[in-house]
Amino acid sequence: MSSSTDDWQMHSSLCVHGSFLSCMEYDSVYELLWCGYQDGRLTAYNVQANRPLTIYSSSKLNSALVSLIMLDRQVVCICENAVAVFTVGGLRRSYTPLKDLCSSGTKSTDNVPEVTTLTCGCSMNDNHLTGKLYNFLNMSATRIMIGTSSSCVLVVEVSHDSVIKPLVQYNIDSSSNFKVTEALSCQKNCIISATNGKLYVLD
């Protein structure tokens, strides 16, 4: 790619069904661009140099996609009301609705507010998390942190056979009413942004 924007050229564009594109993730191993749409559609595109974008696979879920996370030969799709796991070939392996993610058997901190929708998510780097949250979870496998419509974040485990196991509901700040807008794993911390204008750092 040229270092100057003056040399950029439009290589390819593709309009599939007109729905709002809400999230994207790139699989560098298989050279696939995964796109999630507001109408619940998940589409993977072939991305190859000097060739137009072509559809590799397409599936439909029943609510808007808010985040995509690439794991080992799996794509974790966080929708507003569920979490689904697909293979890189586009086959759906599992689907876990919101009510099961927030089941009564899930470990939780005090004063956890009601969760009505999921808003974002990120992969948690198990090797870097060493503080309170790590000890609270007794982490030993792949984990996903999911932001919600309240001050609560959810942590789930995604197994190699695509089974989703809810682990904990964690109330970030019980003194404030807000929605989590973004979650990011960064070195030894998970960073949460919220609609109250604050950044929360969990170690």
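A residue is called buried here when its relative accessible area is under 20%. In this predicted model, both F178 and Y200 meet that criterion and are buried. These two residues make a convenient way into the structure, since a search of the whole structure finds 1 aromatic pair. The ring centres of F178 and Y200 lie 5.3 Å apart with their planes at 15 degrees, so the pair is stacked; the cut-off for that label is an angle under 30 degrees. The pair links distant parts of the chain, 22 residues apart. F178 sits in the loop between strand 13 (164–171) and strand 14 (180–186), whereas Y200 belongs to strand 16 (residues 199–202).

The strands on either side of this pair lead to a small piece of architecture that is easy to trace. An open sheet is formed by 3 strands in the order 14-15-16, with antiparallel pairing. Strand 14 and strand 16 are its edge strands, each pairing on one side only. From one strand to the next, the twist averages 20 degrees. Between strand 14 and strand 15 (residues 189–194), the antiparallel pairing extends over 6 bridges. Within the sheet, C186 stands opposite N189 of strand 15.

Taken as a whole, the chain contains 2 helices and 16 strands. Of its 203 residues, 43% count as buried. The accessible surface comes to about 10800 Å², and carbon and sulfur atoms account for 47% of that area. Among contacts between residues at least 6 apart in sequence, 44% join residues that are at least 24 apart.

Strand 11 (residues 143–148) offers a good view of the covered part of the chain, as 6 of its 6 residues are buried. In a regular strand the side chains alternate between the two faces of the sheet. In strand 11, R143, M145 and G147 point one way while I144, I146 and T148 point the other way, and all are buried. This strand has partners in both strand 10 and strand 12. Strand 10 (residues 118–124) runs antiparallel to strand 11 and is joined to it by 6 bridges, with G121 opposite I146. Strand 12 (residues 152–158) is likewise antiparallel to strand 11, with 5 bridges joining the two, and here I144 stands opposite V156. Strand 11 and strand 12 form a hairpin, with 3 residues between them.

The cysteines complete the picture. A disulfide is a covalent bond between the sulfur atoms of two cysteines. With a cut-off of 2.5 Å between sulfur atoms, the count comes to 0 disulfides. C79 is in no disulfide, the nearest cysteine sulfur being that of C77 at 6.2 Å. C79 is also buried, with a relative accessible area of 1%. C120 is in no disulfide either: its nearest cysteine sulfur, that of C122, is 7.6 Å away. At 3% relative accessibility, C120 counts as buried as well.

Conventions: Residues numbered from 1 in each chain as written. Predicted model: local features only at pLDDT ≥ 70, side-chain atom pairs only at ≥ 80, totals over all residues. Heavy atoms only, no water. Helix = DSSP H or I, 4+ residues; strand = E, 2+ residues; numbered from the N terminus. Buried < 20%, exposed > 50% of the residue type's maximum accessible area, 1.4 Å probe, protein only. Contact = heavy atoms within 4.5 Å. Areas by Shrake-Rupley, 256 points an atom, 1.4 Å probe, with all protein chains shown as cover. Phe/Tyr/Trp six-rings, centres within 6.5 Å; stacked < 30°, edge-to-face > 60°. Pairing = 2+ DSSP bridges. Axes fitted to C-alpha atoms, helices over the stretch in contact; angles between N-to-C directions.
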